[in-house]
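Colleague: Hi! Could you walk me through this one?
Modeller: Sure, let's look at it together.
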Amino acid sequence: MMTTIFQSPPLLLTEREAAHLLNCCEKTVYTMRQQGKLKFMKLGSGVRYPRAAIEKFIEEQSKTVTA
């Protein structure tokens, strides 16, 4: 069976994909980018978000509760 690179999750996410991963709207992702809370890169006129950076952001925002 032949595997392709497209079967794994993309390394770079669009604003819509980043919003989906963060469970928020695209405007929130845009605002967070403007505030410097999310890493991003420009590709031509488009903006992409590294998946690893989004996952790291989620991990950093998670709170640990101790009993």
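Colleague: Which residues make up the largest nonpolar core?
Modeller: There are 11 of them: L13, A18, A19, L22, V29, M32, L38, V47, Y49, I54 and F57. Such a core is a set of buried Ala, Val, Leu, Ile, Met, Phe, Trp, Tyr and Cys residues joined through side-chain atoms within 4.5 Å. Buried means under 20% relative accessible area, exposed over 50% and partly exposed in between, with a 1.4 Å probe and protein chains only.
Colleague: And which element gives the most to this core?
Modeller: That is α1, with three residues. Helices (H or I, at least four residues) and strands (E, at least two) are DSSP runs numbered from the N terminus.
Colleague: Is this a predicted model or not, and how are residues numbered?
Modeller: It is predicted: local features need pLDDT of at least 70 and side-chain atom pairs count only at pLDDT 80 or more, while totals for chains, interfaces and linings use all residues. Residues are numbered from 1 along each chain as its sequence is written, and side-chain values use heavy atoms, with hydrogens and water left out.
Colleague: OK, new topic. Which residues of α3 are buried?
Modeller: In α3 (residues 51-61), R51, A53, I54 and F57 are buried. Down the axis they fall within an arc of 165°, taken from the directions from the helix axis to the C-beta atoms, so they line one face of the helix.
Colleague: What sits on the face turned away?
Modeller: The exposed residues A52, E59 and E60.
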